[in-house]
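Open the model in your viewer and keep the sequence panel beside it. We will go from stop to stop, and at each one you get something to select and something to look for.

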Amino acid sequence: MNLLFVGDVVSNSGIEILQRYLYKIKREYEIDFTVINGENSAVGNGISRDSFNRLMQLGADVVTGGNHSFQQRGSFELHDEFETLLRPANYPDGVAGHGVYVADLLSTKIAVINLMGTVGLEALENPFFYADKLIDELDTPNIFVDFHAEATSEKKALGQYLAGRITGFFGTHTHVQTSDELILNDHTAYITDVGMTGPEQSVLGVDTEAAIEKMKYHVPVTFKTSEKSPFINAAIVNFNEKFGKAYKITRLIMR
């Protein structure tokens with residue numbers, strides 16, 4: 001089987017380029033299952049009912065989140081309403097939504113786990129222990145993890161820790177695609193960061209001039225999404241669904 005993971009979608013710009021090219025990508029690479037990180041897909045960060053619905057209509061099977069998952073008004077209700085919308089599983093008990101989704105495709109099952117790092121981000125539950133707990137509870141060998149984390153070292157460490165036990169590991173959050181894709185332990189597809197789907201000539205999706213002003217003068221600045229041409233960052237994993245074993249991972253950049 002073939003799984004497509006699309007890196008952090010930024011605002012209307014990211015959704016609109018997926019609207020143009022996602023079907024073409026899925027057809028060309030014979031994609032069976034699609035995961036999209038949508039935690040920045042709403043205007044002004046976060047995920048809204050509108051941006052979630054648009055991503056699902058475009059062909060997402062699961063939409064994952066991160067540190068901006070609850071930024072939009074109504075996002076708590078939204079996460080409780082849809083099982084295909086994930087937020088990091090290591091949020092404390094009582095937070096709306098859930099961090100795992102298991103898709104039943106009749107012939108097989110595919111599990112998607114969403115976790116968030118703790119280095120430089122909110123002090124959530126330890127993702128290493130949470131990953132152990134969740135993996136032990138799953139009844140499918142096809143397990144994919146979206147690890148939304150700031151530190152490269154934390155992504156590397158968790159990826160290596162889970163090698164051989166999951167099918168694919170995708171780092172997200174830093175919006176810059178890394179060129180270190182590989183198969184760990186002859187089993188697990190890994191990439192430190194899938195990258196961003198949105199305006200390429202920007203500062204992680206933000207209008208360049210606003211970002212420069214903030215960093216240069218250290219004064220409050222209202223960020224807005226760049227209007228420059230968007231691109232798509234994604235990764236494709238080819239795997240044996242009987243054993244949950246990945247045998248190829250391919251980075252994708254489409255301008």
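## A tour in seven stops

**Stop 1: S11.** Select S11, which is buried, with a relative accessible area of 6%. This is a predicted model, so treat what you see as a prediction. S11 belongs to helix α1. Now look at its backbone: phi is near 55°, a positive value in a residue other than glycine.

**Stop 2: the largest nonpolar core.** Stay with α1 (residues 11-28) and show the core that it helps to build. Which residues of this core touch the most other members? They are L4, L18, I36 and I232, out of 23 residues in the core. At least two core residues come from each of β1 (2-6), α1, α2, β12 (230-240) and β13 (245-254). The largest share, 6 residues, is supplied by α1.

Zoom in on L4. Leaving out residues up to four places away in sequence, L4 touches a list of partners that includes L22, I25 and K26, then I31, F33, T34 and V35, and also A234, A235 and I236. Apart from this core lies another one, of 21 residues, with Y101, A103, A189 and A235 among them.

**Stop 3: T34.** One of the partners of L4 is T34, so select that next. T34 sits in strand β3, which covers residues 33-37. Is T34 buried or exposed? Its relative accessible area is 0%, and a residue counts as buried under 20%, so T34 is buried. Beyond its neighbours within four places in sequence, T34 is in contact with L4, K26, G59, A60, D61 and V62.

**Stop 4: helix α2.** Colour residues 49-58, which form helix α2, and pick out S51, F52, R54 and L55, which are buried. Turn the view until you look down the axis of α2: the buried residues fall within an arc of 160°, so they line one face of the helix. A general rule helps here: an α-helix has 3.6 residues a turn, so residues three or four places apart point the same way.

What covers the buried residues of α2? The cover includes β2 (8-9), α1, β3, β4 (62-64) and α3 (75-81). Just after the helix comes G59, with a positive phi near 125°. You have already met G59 as a contact of T34.

**Stop 5: L106.** Move to the loop between β5 (100-104) and β6 (109-116), where you will find L106. Its relative accessibility is 82%, and over 50% counts as exposed, so L106 is exposed. Like S11, whose phi is positive, L106 is a residue other than glycine with a positive phi, here near 70°.

**Stop 6: R255.** Go to the segment after β13 and select R255. R255 is exposed, with a relative accessible area of 62%. Which residues does R255 touch, leaving out those up to four places away in sequence? The partners are E200 and F231. Draw a distance between the C-alpha atoms of R255 and E200: they are separated by 8.6 Å, although the two residues are 55 residues apart along the chain.

**Stop 7: the largest pocket.** Finish by showing the surface around N40, N45, L204, V206 and F223, which lie nearest the centre of the largest pocket. The pocket holds about 520 Å³ of space and is lined by 24 residues. Try colouring the lining by class: 9 residues are nonpolar, 12 are polar and 3 are charged.

How values were computed: Residues numbered from 1 in each chain as written. Predicted model: local features only at pLDDT ≥ 70, side-chain atom pairs only at ≥ 80, totals over all residues. Heavy atoms only, no water. 1 Å grid on protein atoms, 1.4 Å probe; cavity = no way out; pocket = protein on both sides within 12 Å on 5 of 7 lines; lining within 4 Å. Points joined across faces, edges and corners; volume = space filled by probe spheres on them. Nonpolar A, V, L, I, M, F, W, Y, C, P; charged D, E, K, R; others polar. Helix = DSSP H or I, 4+ residues; strand = E, 2+ residues; numbered from the N terminus. Buried < 20%, exposed > 50% of the residue type's maximum accessible area, 1.4 Å probe, protein only. Contact = heavy atoms within 4.5 Å. Arc of directions from axis to C-beta. Core = buried A, V, L, I, M, F, W, Y, C linked by side-chain atoms within 4.5 Å.
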